[in-house]
Amino acid sequence: MQLKGLVRFFTILLIVYSIYQLSFTWFVRSHEKKLESRAKTFVRVNYQNASAELTDSVYKRKLKDYEDSTKDETITYGITGAISYQKAKNEELNLGLDLQGGMNVTLEVEMTGLLKTLSNNSKDPNFLRALDNANRRKANSGENFIGLFAEEYKKLVPGGNLASLFAASNSGIKVTDSDSKVMDVLQTLSKDAFDNTYRVMRTRIDQFGVAQPNINPDASRGIITVELPGVTDEARVRNYLQSSANLQFWEVYQLPEIGAEFQKADDVFFKLMGGKTPKGDTTAKGDSSIAKDSGSVKDTNGNFQKFTNDSINKPDSQIASQENQQEEARKHLYGWLIPGQGYKDNNGKEHYSPYIGKVKISDTATLNSMLRSPAISSIFPAQLTWMYGKPEVNNQTNKTSEYLDLYAIKTFGRDKAKIEGEAVSNSRMDYNQQGQPEVMMDMNATGTKAWAKMTGENVGKPIAIVLDNIVYSAPNVNGPIDGGTSSISGGFTVQEATDLARILNAGKYPAPAKIVQETTVGPTLGKDAINGGIMAFGISFIVIFILMLVYYNTSGVVANIALILNLLFTIGILAGLGATLTAPGIAGLVLTIGMAVDTNVIIYERIKEELDRGKGYIPAINEGYRRSLPPVLDAHVTTLLTAIILFYFGLGPVKGFATTQILGILLSLFCGILVSRWVSDIFTNKKRHLEYFTKTSRKIFKHAKFKFIEYRKIAYGISVVVLLAGIGAYFNGFDEGVEFKGGRSYTVAFEKPAPVEQIRKSLETAFPGESPVMKTVGNSRTLDITTAYLIDSTGSNVDSVVEGALTSNLQKFGNSKIIGFKKVLPTISDDLKAGAIKATIFALLVIFLYIFIRFRDWRYSFGTIVALLHDVLVTLAVFSFARKIVNFPLEIDQHFIAAILTVIGFSMNDTVIVFDRIREDRRLYPTAPLGDTINRAINETLSRTIMTSLTVFLTILILFLVGGEVTKGFAFAMLIGVITGTYSSVFVAAPILVDLVSKKSKKPAVPAAGKVDIKQKPQSV
């Protein structure tokens, strides 16, 4: 074997790399288990008689405290030295929302309001109609809204000038500007508006306090995808994400103004928490040290406390003492924040921070509930409202601070500020006389008067610039501002000044977001998906492992070594790439188990052939690997092409499946060809020959002489039936998944078996004009309920209305709980449909071209496409006619498309093997009748065709039986596809070549395929 040293080097390198990457996950899990144990111990010792709700709340808070306080602690060592818990956490293999539970939301940023504002709310009927038409087109396409609007306006007013609509605005558009220039300005402003909405969205998401939120903007399509793992209050998330941005200017309380109230509130809070003032402590007795605190969170004795990783191994008595001190500190309000600092200038005048203190992000929810409680809130002025600042980013390290500034805002009990966002006419980043970035802000006439009055009353004091109840800046007023133009400075970087200028323009250029797709997975459903996936993975591995040994004897050991390395490398590289493991991703791993050994099956079957022909052991191995290389490469390339197409067109979890499949295919080539050969050579060099036969495998398909060509007419008849069934399926209809038809889908768990028909009738009354689609999921206690009720209605509370109608009706049938939810608006469902159709057509076209290039004959390509269409039609027919028979959902959705594309790739695996053998045999027997050659080729490859199909079929069958509900529809489609793919490769793709040959040419053209030894006559079959 050539390049043996290189193969050995890369194999060892990949082993080390994969184990290194997966070690982060192991160390993180080990560390977190210790923290969970410690948190449970603390709750058990200190809250023995507390309610379950309180103990659960305390447990989560303590666990979060432990995780935060140990994030910088070393838990392992790597190549670069010590590795902290936080760094290891960032490198671990992440779980998708479908496995850990949470919420996935796709929001569309609307530009209608932006154009209306830029037109000064024009009442021009053509303008308004163009907006409506553009919105309708946008609902069924992913095109840019500004471009759609321009096209629609031109249709209505062919000679119209866009500049006339927007010249009156402050956008810089002149009435003489050309349409192209106007479009450039509109596109720029829409991009700024989108970026601003995205920035606001990021800040909003930080308020949810979830771990590892993910937000991905797609400006070209005008959508923002948000993932929130572990979130439970879905209604709050929906309302918060879809609310309009509201810019306001508020006056601010500084610490000296409410210091006495804060101290009184601290005393009350301390008593409410059952605190006992330690001897020598004065902070709870009303001293003013709270305003002079150095900035650390202290306990009641003034000692800084930190729970470290080292303390995990301390005796329980020491840990309990330390944690009790921390709990005592938490019984003070100042135990939850770091008070703001003051300073004296050169003239001895005291200046105070605009914020009251800094609060850890993870503590904001708890502190909010404390400050809003009647006993505490009644102490402070009635006009005070607590607000947080935006997360600050360190310009040197580019890291986001863990703390937020807490502001005391003078709202005077009003929702509307003295100055709102519409008062700002323009805002921009500029430079002052010293060359430092600043923000220039212009007010309109009304705003100028109010701004002059407000700044005049607050000279020397801060004014908070607030968007969505989040303080973005609180600059001090140096003097009254009468002219309406202000400069805001404060040591900004260029980026910070630009961001603030855009925030100030938020009221001027509105771009609200609406949810067009949503998926919610409860923790129970996520846990079931994990357990099912792991079980399917484990059983599949054991079954294939044993099958290789039973069928291929000791050479099966080499195949199993390649299989283990393939899986190790796949998971390790996924972790190294920062990929997220989803339920379809686990399905991809299970499928990889079946497909990984296919390479070895093809090679071993060829070696067995060479041994049967009387060749020696070494020549047979050499010839087996050499002859198997073309079909192995062809089979993997076709499967790889469909996986890449799926990755390109797929969304969400389906992308995870495609990623896993692509890695598995590439690594299958490396492990199945190179690593297997290297390991085989190790045995050979030690004079230990591997066995490729067992008593069972030696007899199977021995001297097979089936006459496939003679029975092709029967196969054609079956194919005609399949074609008719496919056409009939179109008229019979399908159950489209919510992704493709739009609507809301709820997964509901009942305590007792659910009466499906009674629930359906009840919901038909609750959802007027709508008949919900209901399917049993897994057992009679879990239902999947899909409805399109109010799906076209707008408003942030529509989801709550539909869910309320659902839950109120379900109460009639006993206790139930929604454990999963998915919503897709028609806007996104049409995009998904179009993408699925494009992906399937593109896959067929790519396969056609590849086979044509590879075999240089259109008849091979045509036979391939006929076989693939045969496979697709069979699967469609089964999904149409069996959907009301089986007790699990058979829906046309993204998972189904993933299965179809995978089947297309896999079916090509068997077809290409047969075609390669036909090409080889045509060169060995150039004068033999074509029918005889095809029969011989199919019989010679029958064993590997059956074995490659069997390994995949077994793994998919196991996935179908124990893999969980998430992947059941996918697995069922794959099972149908594997069976029909094997059939079509043998009875359709190859035999059709006979009838495609012209009467003048009795054989298809046979391309050059490298040297073929025609001196060695193969044994006749």
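This section describes salt bridges and a nonpolar surface patch in a predicted model.

The structure contains 32 salt bridges. One of them pairs Glu32 with Lys89, whose closest N and O atoms lie 2.6 Å apart. This pair links distant parts of the chain, since Glu32 belongs to helix α1 (residues 4–46) and Lys89 to helix α3 (residues 85–91), with the two positions 57 residues apart in the numbering. Neither partner is exposed: Glu32 and Lys89 are both buried.

A second salt bridge is formed by the side chains of Arg606 and Glu920, with an N to O distance of 2.7 Å. Arg606 is located in helix α20 (residues 598–612) and Glu920 in helix α30 (residues 894–924), so this contact ties together parts of the chain that are 314 residues apart in sequence. The relative accessible area of Arg606 is 3%, and the residue is therefore buried. Glu920 has a relative accessibility of 12% and likewise counts as buried, because the cut-off for this class is under 20% relative accessible area.

Glu920 also takes part in a salt bridge with Arg917, in which the N to O distance is 3.9 Å. In contrast to the pairing of Glu920 with Arg606, which joins helices α20 and α30, the pairing with Arg917 lies within helix α30, where the two residues are three positions apart, or about one turn of the helix. Arg917 is buried, as is Glu920. Through shared partners, salt bridges connect these residues into one network that comprises Arg606, Glu609, Glu610, Arg613, Lys615, Glu623, Arg626, Arg627, Arg917, Glu920, Glu940 and Arg944.

The surface of the model also carries a nonpolar patch of about 700 Å², made by Phe842, Leu845, Leu849, Phe852, Ile853, Trp858 and Phe862. Two elements, α28 (826–855) and α29 (858–881), each give two or more residues to this patch. Helix α28 supplies the largest share, with five residues. Among the patch residues is Leu845, which is found in helix α28. The relative accessible area of Leu845 is 45%, and this side chain is therefore classed as partly exposed, because that class covers values between the 20% limit for buried residues and the 50% limit for exposed ones. Leu845 in the nonpolar patch is thus partly exposed, whereas Arg917 and Glu920 in the salt-bridge network are buried.

Terms used:
Residues are numbered from 1 along each chain as its sequence is written. This is a predicted model: local features need pLDDT of at least 70, side-chain atom pairs count only at pLDDT 80 or more; totals for chains, interfaces and linings use all residues. Side-chain values use heavy atoms; hydrogens and water are left out. A salt bridge is a side-chain nitrogen of Lys or Arg within 4 Å of a carboxyl oxygen of Asp or Glu. Helices (H or I, at least four residues) and strands (E, at least two) are DSSP runs, numbered from the N terminus. Buried means under 20% relative accessible area, exposed over 50%, partly exposed in between (1.4 Å probe, protein chains only). Patches are made of residues with over 30% relative accessible area and no salt bridge: like charges are joined within 9 Å, nonpolar side chains (Val, Leu, Ile, Met, Phe, Trp, Tyr) within 5 Å. Accessible areas come from the Shrake-Rupley method with a 1.4 Å probe; for residues, only the protein chains shown count as cover.
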